[in-house]
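Student: I should like to learn how the features of a protein model are read, one at a time. Where shall we begin?

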Amino acid sequence: MKFNTLFKISAVTTALFLAGCGGDINVTPTVNNGGGADGGTGGDGGNAVACASYGDVEGTYDGQDCTYDENFASATIEIDEDITFEELPDGGVHVFEGALQIGVDCDTTTSCEINQNGPVMTVEPGATLAFTSGEAIIQVARGAQLNAVGTFDKPITFTSANAFDRLNVSGDAPRYADWGGIIINGNGITNQCTDAQRDGGTCNVESEGIVSYYGGNDNTDDSGSIKYAKIWYAGSGPRDGGPGDDLNSLTLNAVGSGSSYEFIHIHQGFDDGIEFFGGKADVKNVVFTDTQDDSMDIDAGWQGRAQFLFIKHGTVTVDGNTNYMGNGGFEADGEKNNGPDYSQAPTSAPTIANVTIITTDGKSVRDNDPSIATKFDDNFQGQMYNVLKVKENGTADDGCIFFTSDGEAGVDNGELDFYSSVLACTNNFVNTGDNTFADGETYSAWYPNGGVNEILDGSATVLNDDGISTDMTSSITIAANDLTALNDDFFTPVDFIGALSDDDTSSEWYQWVETAVAAAETD
């Protein structure tokens with residue numbers, strides 16, 4: 001697991017030379033035979049196999065896989081050039097021992113300046129990137145981009161090296177926290193910074209888990225896109241900051257609307273599936289299975305849009321023990337800070353449509369908290385359409401909706417509402433006492449929204465026999481909102497509640513969910 005030195009100069013010297021030239025440099029990967037018996041052909045009909053490279057370093061090809069040791073990527077190396085990871089033949093994998101950092105991180109209160117035309121990391125359809133430890137992450141600096149766009153037939157995979165027998169040195173089956181996940185830092189708006197900091201160019205919020213910086217005043221920021229991709233066995237925590245200082249499967253730190261995240265399957269993450277800290281990035285067609293903490297964790301003023309989210313809590317077997325996975329389908333937090341010093345950064349107020357959340361009656365192995373569908377905190381003010389929440393069994397402390405006292409503010413302010421949504425839960429609301437809002441209205445009176453929404457119970461038939469699509473004919477009596485009144489081309493018009501219908505089982509979305517859930521159930 002060595003890298004090849006192609007020139008007698010260091011990576012640091014190369015970086016300084018290229019920076020002095022100005023502009024971006026596109027680096028063509030160099031063939032690395034790596035001593036393989038087939039001379040680097042990889043068994044692909046004689047075409048040479050190229051591991052990724054930058055400057056004078058590249059991965060080592062062993063005849064099947066490309067390995068990148070800590071001289072290529074680590075916590076002390078920032079790659080400041082475009083880099084591409086191609087699909088390798090014969091099931092080959094790009095293997096990383098350390099952190100893959102794209103772009104130069106910058107705290108603008110020091111002497112550095114963000115390079116807004118930073119490097120681009122490209123991952124091509126069918127490529128697989130595998131990581132060997134909890135310290136191995138992908139981290140994208142402000143101004144840099146991660147473009148990992150696969151196809152339905154050739155998705156991209158980010159996973160644990162333990163998923164491959166030939167790379168598994170521990171002998172353990174792949175599991176949550178095997179690697180650190182993906183962190184993307186953007187220039188978007190977060191209420192973790194004051195107006196003065198944004199105006200002065202000194203908004204530098206420290207990312208959770210591993211310190212890097214994000215935030216700014218541009219909610220149209222483009223940090224790249226991920227589409228048709230699987231992110232498995234990622235996350236870790238708590239880190240140095242204690243509980244809450246964790247790594248997620250995918251962290252979107254103040255990422256703007258120029259970025260998009262579609263057709264993703266996040267599976268068996270240690271902490272959250274996707275966590276948003278402000279910004280305005282959009283997500284669509286995402287499956288979350290067996291994430292230990294929250295599947296969608298919203299915080300710090302996220303203003304984005306989401307449609308077609310399928311969330312399923314379940315169990316995994318680790319060392320002979322059956323562990324329950326999943327705290328919240330959603331943890332929806334509005335603001336880290338508020339008041340006149342934060343007037344430019346509103347509370348979280350996304351528009352979210354067509355969600356299915358299937359909970360369990362167990363408590364997460366992560367922190368022994370119950371599996372609930374949604375938690376609302378810190379004046380969250382989103383608008384939610386066609387949401388289906390399911391809990392067949394439960395107790396008073398693990399219902400489908402939980403409000404903190406600060407979370408109730410979103411309802412009190414008239415900015416948090418559901419439309420054409422269904423609760424099908426043994427216990428609909430987590431028991432927090434009298435379950436009333438500041439004006440005296442009870443939770444159970446608020447939720448129906450004048451008959452727009454429906455409250456059933458845990459025995460209601462709301463899913464078809466496939467266990468994933470919504471049964472609109474048995475127990476549900478309300479109609480879906482077709483979303484056309486939103487006047488927003490992002491939202492696909494629908495005639496069903498929940499994440500998907502069984503009317504078109506040949507659609508990419510139906511097959512994406514079906515395949516993801518089947519994989520999770522056999523893992």
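Tutor: Let us begin with one aromatic residue. This is a predicted model, and in it Trp446 has a relative accessibility of 7%; the cut-off for buried is under 20%, so Trp446 counts as buried.

Student: Which ring does Trp446 pair with, and how is the geometry of that pair read?

Tutor: A pair of aromatic rings is described by the distance of the centres and the angle of the planes. The structure holds 33 aromatic pairs. In one of them, the ring centres of Phe418 and Trp446 are 6.1 Å apart and the planes stand at 75 degrees; an angle over 60 degrees counts as edge-to-face, so this pair is edge-to-face. The two residues come from distant parts of the chain: Phe418 belongs to strand E31 (residues 417–419) and Trp446 to helix H4 (residues 443–446), with their positions 28 residues apart.

Student: Is Phe418 buried or exposed?

Tutor: Phe418 is buried, at 1% relative accessibility.

Student: How are the rings of Phe437 and Tyr443 arranged?

Tutor: Phe437 and Tyr443 form a tilted pair, with 4.8 Å from centre to centre and 35 degrees between the planes. The angle lies between the limits of 30 degrees for stacked and 60 for edge-to-face, so the label is tilted. Phe437 has a relative accessibility of 4% and counts as buried. Tyr443 is buried as well, with a relative accessible area of 1%.

Student: Which residues do ring pairs link into a cluster?

Tutor: The cluster consists of Phe376, Phe380, Phe403, Phe418, Phe429, Phe437, Tyr443, Trp446 and Tyr447. Both pairs just discussed, Phe418 with Trp446 and Phe437 with Tyr443, have their residues in this cluster.

Student: Which lysines lie over the face of an aromatic ring, and at what distance from the ring centre?

Tutor: For such a contact, one reads the distance to the ring centre together with the position relative to the ring normal. Lys230 lies over the face of Trp232, at 5.9 Å from the ring centre. Lys284 lies over the face of Phe490, at 4.8 Å from the ring centre.

Student: Let us turn to the disulfides. How many are there, and how are the bonded cysteines paired in sequence order?

Tutor: The count comes to 4 disulfides. With the bonded cysteines of the chain numbered in sequence order, the pairing reads 1-2, 3-4, 5-6, 7-8.

Student: What does the torsion about the S-S bond tell us for Cys106 and Cys112?

Tutor: The torsion gives the handedness: for Cys106 and Cys112 it is about 95 degrees, so the disulfide is right-handed. The S to S distance of this link is 2.0 Å. Cys106 is buried, with a relative accessible area of 4%, whereas Cys112 is partly exposed, at 29%.

Student: Where in the chain do Cys193 and Cys203 lie?

Tutor: They are joined by a disulfide with an S to S distance of 2.1 Å. The link connects distant parts of the chain, 10 residues apart: Cys193 is in the loop between strand E14 (181–185) and helix H2 (195–199), and Cys203 is in the loop between H2 and strand E15 (205–206). The torsion about the S-S bond of Cys193 and Cys203 is 85 degrees, and the link is right-handed. Both Cys193 and Cys203 are buried.

Student: What is the handedness of the link between Cys400 and Cys425?

Tutor: That link is left-handed, with -90 degrees about the S-S bond. The sulfur atoms of Cys400 and Cys425 are 2.0 Å apart. Cys400 lies in the loop between strand E29 (383–391) and strand E30 (401–403), and Cys425 lies in strand E32 (residues 422–425), 25 residues apart. Cys400 and Cys425 are both buried.

Student: In what order do the strands of the open sheet of 10 strands run?

Tutor: The order is E5-E8-E11-E14-E18-E20-E22-E26-E28-E30, with parallel pairing. Strand E5 (78–79) and E30 are the edge strands, each of them pairing on one side only. At the E30 edge, strand E28 (residues 372–377) pairs with E30 in the parallel sense over 3 bridges. There, Lys375 stands opposite Phe402 in E30.

Student: Finally, which residues does Asp293 touch?

Tutor: Leaving aside residues up to four places away in sequence, Asp293 touches Phe270, Asp271, Asp272, Gly326, Asn327, Gly328 and Arg366. Asp293 is placed in the loop between strand E21 (282–289) and strand E22 (296–299), and Asp293 is buried, with a relative accessible area of 10%.

Methods. Residues are numbered from 1 along each chain as its sequence is written. This is a predicted model: local features need pLDDT of at least 70, side-chain atom pairs count only at pLDDT 80 or more; totals for chains, interfaces and linings use all residues. Side-chain values use heavy atoms; hydrogens and water are left out. A disulfide is a pair of cysteine sulfur atoms within 2.5 Å. Buried means under 20% relative accessible area, exposed over 50%, partly exposed in between (1.4 Å probe, protein chains only). Helices (H or I, at least four residues) and strands (E, at least two) are DSSP runs, numbered from the N terminus. Two strands pair if DSSP finds at least two bridges between them. Contact means heavy atoms within 4.5 Å. Rings of Phe, Tyr and Trp (its six-membered ring) pair if their centres lie within 6.5 Å; planes under 30 degrees apart count as stacked, over 60 as edge-to-face and the rest as tilted. A charge sits over a ring if NZ of Lys or CZ of Arg is within 6 Å of the ring centre and within 35 degrees of the ring normal.
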